[in-house]
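Here is my note on the model, in numbered points. Please read it with the coordinates open.

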Amino acid sequence: QAIGSIIGTIMGLYTHGPNAYQITHGIADDLIRDLTAEGSLLRSHRSTVNFQYDEVRLARWMERKIEAAGVQALLGAVLTEVSFEDRRVRHIDFATRYGAVRVRARGYVDSSGDATLCYEAALDVREPDAPIFGSMNFLIENYDLTTVDTLNMAEVRERLAKVGSKYGLVRHDGWLMHFPGKNFMLANINHFETPLDPLAAAQLVFEGRRQADSILRFLHTEYPHIFRDARVRTYGNPGIRQTRWIQSKRQLTLDDIRTGQRPPDAAAGCAWW
């Protein structure tokens, strides 16, 4: 998601407040150290510490880490079947452009973000009871670097609320984040409902890119002194969240978060609200 959907920022590694301190470590320490040293990570502090990243450099850093860890990557594979018997996953099958692959292991981690392993194993999963909206982030380049610092996001949001519908825009908040010292800006302004139907989901790519083009048209017209010659550098893929998740023995609740409960099997700390 960080690369394919160009999320653009890394948050939740620090507590909130004026004296924020880091609570997520492990590989986060390596990421912050390495990408900061090469100028590919920009640190800022609003309500917490945020990091904006260069997605090309972050992708290469991830690849090197995976290779160094001895992980056998299977790129471009799609999960097609899960063999589940006697409360155990026996094997999982993938389709690749070079043929089918079967994987047998002692354990499996579902990091799909959609509980895909459980879903394909016909196990119970949770689904939202209200529409879930995704977004398609994209990068803008070739804008005026001498005037970009005059861009006021509060004023942009006000103008989006007033005239955004004229450009076919449905979201009137979000962010435009210039990366100082580099000629690109993250745009996170569009919104669309994310269905689970495969054909409808495929159309999200076109809808998201249509909205991205409309956002650029809005910027060309409303802020010509900054964006007159701007263009899209990279379109991300649709960023989708909370479509399905595992039906587990214990579910983290809102009250757990509000009261700061720490379960005995806690594996990591995160402060993203």
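1. A charge counts as sitting over a ring if NZ of Lys or CZ of Arg is within 6 Å of the ring centre and within 35 degrees of the ring normal. Arg244 meets this over the face of Tyr119, at 3.9 Å from the ring centre. Lys182 does so over the face of Phe179, at 5.7 Å. Keep in mind that this is a predicted model.

2. Next, the aromatic pairs. How many does a search of the whole structure find? The search returns five. Tyr143 and Phe227 make a tilted pair, with 6.1 Å between centres and 50 degrees between planes. This pair links distant parts of the chain, 84 residues apart. Tyr143 sits in the loop between strand 9 (138-141) and helix 4 (153-163), while Phe227 belongs to helix 6 (residues 224-227). Both Tyr143 and Phe227 are buried.

3. Tyr167 and Phe218 form an edge-to-face pair: 5.4 Å centre to centre, 85 degrees between the planes. Tyr167 is in the loop between helix 4 and strand 10 (175-178) and Phe218 is in helix 5 (residues 198-222), so the pair ties together parts 51 residues apart in sequence. Why does Tyr167 count as buried? Because its relative accessibility is 4%, and the cut-off for buried is under 20%. Phe218 is buried too, with a relative accessible area of 1%. Tyr223 joins Tyr167 and Phe218 in one aromatic cluster.

4. Now the largest nonpolar core. In soluble globular proteins, nonpolar side chains tend to be buried together. This core has 24 residues. Which of them touch the most other members? They are Ile140, Leu176 and Phe227. Phe227 is thus a member of the core and also a partner in the tilted pair with Tyr143.

5. Several elements feed the largest core. Strand 9, helix 4, strand 11 (185-188), helix 5 and helix 6 each supply at least two residues. Helix 5 gives the most, with five residues. Another core lies apart from this one. That second core has 14 residues, among them Ala20, Leu31, Phe51 and Trp61.

6. Ile140 deserves its own point. Leaving aside neighbours within four places in sequence, the contacts of Ile140 include Leu176, Phe184, Met185, Ala187, Leu216, Leu219 and Ala230. Polar and charged residues are also on the list: Asn183, Arg231 and Arg233. Met185 is the bridge partner of Ile140 in strand 11 as well.

7. Strand 9 pairs with two strands. With strand 11 the pairing is antiparallel, over three bridges. With strand 13 (residues 231-235) the pairing is also antiparallel, over four bridges. Phe138 stands opposite Tyr235 in strand 13. Which way do the residues of strand 9 point? Phe138 and Ile140 point one way, Leu139 and Glu141 the other way, and all are buried.

8. Helix 5 has 25 residues. Its first and last C-alpha atoms are 37 Å apart, close to the 36 Å expected at 1.5 Å a residue. Its buried residues are Leu204, Gly208, Gln211, Ala212, Ser214, Ile215, Leu216, Phe218, Leu219 and Glu222. An α-helix has 3.6 residues a turn, so residues three or four places apart point the same way. What do the buried residues of helix 5 pack against? Their partners are strand 9, helix 4, strand 10, strand 12 (192-193), helix 6 and strand 13.

9. There is also an open sheet of three strands, in the order 1-3-2, with antiparallel pairing. Strand 1 (9-10) and strand 2 (41-45) are the edge strands, each pairing on one side only. Two bridges join strand 1 to strand 3 (residues 49-53). Ile10 stands opposite Phe51 in strand 3. Phe51 is also among the residues of the 14-residue core.

10. Strand 5 (residues 88-96) and strand 6 (residues 99-103) run antiparallel, joined by five bridges. A hairpin of two residues connects them. Asp93 has Arg102 as its bridge partner in strand 6.

11. Last, Thr24. It is found in the loop between strand 1 and helix 1 (27-37). Is Thr24 buried or exposed? Thr24 is buried, with a relative accessible area of 18%. Not counting residues up to four places away in sequence, Thr24 touches Gly12, Leu13, Asp29, Gly269 and Cys270.

Note on methods. Residues are numbered from 1 along each chain as its sequence is written. This is a predicted model: local features need pLDDT of at least 70, side-chain atom pairs count only at pLDDT 80 or more; totals for chains, interfaces and linings use all residues. Side-chain values use heavy atoms; hydrogens and water are left out. Rings of Phe, Tyr and Trp (its six-membered ring) pair if their centres lie within 6.5 Å; planes under 30 degrees apart count as stacked, over 60 as edge-to-face and the rest as tilted. Buried means under 20% relative accessible area, exposed over 50%, partly exposed in between (1.4 Å probe, protein chains only). A nonpolar core is a set of buried Ala, Val, Leu, Ile, Met, Phe, Trp, Tyr and Cys residues joined through side-chain atoms within 4.5 Å. Contact means heavy atoms within 4.5 Å. Two strands pair if DSSP finds at least two bridges between them. The expected span of a helix is 1.5 Å times one less than its number of residues.
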